[in-house]
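Reader: I should like to request a close look at a single part of this model, followed by a connected account of its surroundings.

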Amino acid sequence: MIIPKSHPRYQSLRTREELVRGASRGLVVPQGLIAHGRGEAFDYILGEQTTRAARRATEAAAALLLIADKPVMSVNGNTAALVPKEMVKLARSAGARVEVNLFHRSTSREEKIARVLEKNGAEHVYGVGRKASARIPGLKSLRGRVDPSGIGSADVVLVPLEDGDRATMLRRAGRKVIAIDLNPLSRTSRAASVTIVDNATRAIPNMIREVARLKKKPRERLLQLVNEFDNEENLNLSVKDIMSYLNKWSDGKKK
Ligand code: PTJ
């Protein structure tokens, strides 16, 4: 479908098209389209913008990736359809591994997603097929199957668009989790060490910029940024961002 650039909802419609195309290529599951709809609703009441809370979380997340010994970025169907190039670029810049990890798991989807990542410059994609031979303790879903050289031994895991259980279990296993989730109330958001309440389509490019900026800073400064960050407090700030955006509407200041 051709969407005219002049359409007032151009960006949102284009993103939908990317997901629909991702679904027809077998990257995205139908449930991923439902998840996107939920995300869109939250994005709408955030004003479809990167808020101050999201900026703070992005800075802390970039610092955490840079101080990690073994950071891994997890990729699911929606992420592969929306930001494949950006995920690979961020991984390269932060020295992170990239692993396919799916809730609705099938080898054929894993391979398709890995191919998309490789086309976008990934040298090695972890977690495909039999390579996912380890388990996250306590996680019963197929998401629990991980690559021992990837998420299985990572100290920091970035999980865009999560379903909740994995973030909790990874934290329980002593890992640090960076979540990207438009819903500040979700279990994932609450369980993660750093939650970026922003659209993955904005958050990943912002992280690329933050990693490039913070790379020039001394390690002590990065540690300070991570230690000073309080996820719960920042999530509360995200809820306040939503409320102040909605207040502008209820006061009649938005058209
Ligand atoms: O590809 P698979 O098999 O691993 O399946 C992936 C889905 C997305 C289907 C699975 O992880 C799932 O069911 O996720 P949930 O439980 O629906 O959670 C998705 C969360 O991501 C919700 O809180 C949404 O608000 C949020 N979300 C949706 N789109 C975006 C988003 N957050 C950031 N950026 C988005 N573009």
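In which helix do Glu-210 and Arg-213 both lie, and how many residues apart are they?

Author: The model is a predicted one. Glu-210 and Arg-213 both belong to helix 9, which spans residues 200-214. They are 3 residues apart, about one turn of the helix. Their side chains meet in a salt bridge, with an N to O distance of 2.9 Å. The two partners differ in exposure: Glu-210 has a relative accessible area of 15% and is therefore buried, the cut-off being under 20%. Arg-213, at 33%, is partly exposed.

This pair belongs to a wider set, for the structure holds 13 salt bridges. One of the other pairs is also set within a helix: Glu-18 and Arg-14 both lie in helix 1 (residues 10-24), 4 residues apart, again about one turn of the helix. Their side chains meet at 3.3 Å, N to O, and Arg-14 is partly exposed, with a relative accessible area of 37%.

A further salt bridge joins the side chains of Glu-233 and Arg-56 at 3.2 Å, N to O. Glu-233 lies in helix 11 (residues 231-250) and Arg-56 in helix 3 (residues 52-67), so this pair ties together parts that are 177 residues apart in sequence. Glu-233 is partly exposed at 46% relative accessible area, and Arg-56 likewise counts as partly exposed, at 37%. In addition, Asp-43, Asp-198 and Arg-202 are linked in a network of salt bridges.

The strands may be considered next. Strand 6 (residues 156-160) and strand 7 run parallel and are joined by 5 bridges; Leu-158 has Ile-178 of strand 7 as its bridge partner. Together with helix 7 (residues 165-172), strands 6 and 7 make a right-handed β-α-β unit. Strand 7 also runs parallel to strand 8 (residues 194-196), to which 3 bridges join it, and Ala-179 stands opposite Thr-195 in strand 8. Strand 7, residues 176-180, is mostly covered, with 4 of its 5 residues buried.

There remains the ligand. It is surrounded by 23 residues, the closest being Phe-103, Arg-109, Arg-143, Asp-181 and Asn-199. Polar backbone atoms also approach ligand oxygen atoms: the distance is 2.9 Å for Gly-77, 3.0 Å for Glu-162 and 3.4 Å for Leu-161. The protein covers 94% of the 750 Å² of accessible area that the ligand has on its own.

How values were computed:
Residues are numbered from 1 along each chain as its sequence is written. This is a predicted model: local features need pLDDT of at least 70, side-chain atom pairs count only at pLDDT 80 or more; totals for chains, interfaces and linings use all residues. Side-chain values use heavy atoms; hydrogens and water are left out. Buried means under 20% relative accessible area, exposed over 50%, partly exposed in between (1.4 Å probe, protein chains only). Helices (H or I, at least four residues) and strands (E, at least two) are DSSP runs, numbered from the N terminus. Two strands pair if DSSP finds at least two bridges between them. A crossover is right-handed if, with the strands pointing away from the viewer, the path from the first strand over the helix to the second runs clockwise. A residue is near a molecule or strand if one of its heavy atoms lies within 4 Å of it. A polar contact is a pair of N or O atoms within 3.5 Å; within protein, one must be able to donate a hydrogen and the other to accept it, and residues adjacent in sequence count only if both atoms are side-chain atoms. Accessible areas come from the Shrake-Rupley method with a 1.4 Å probe; for residues, only the protein chains shown count as cover. A salt bridge is a side-chain nitrogen of Lys or Arg within 4 Å of a carboxyl oxygen of Asp or Glu.
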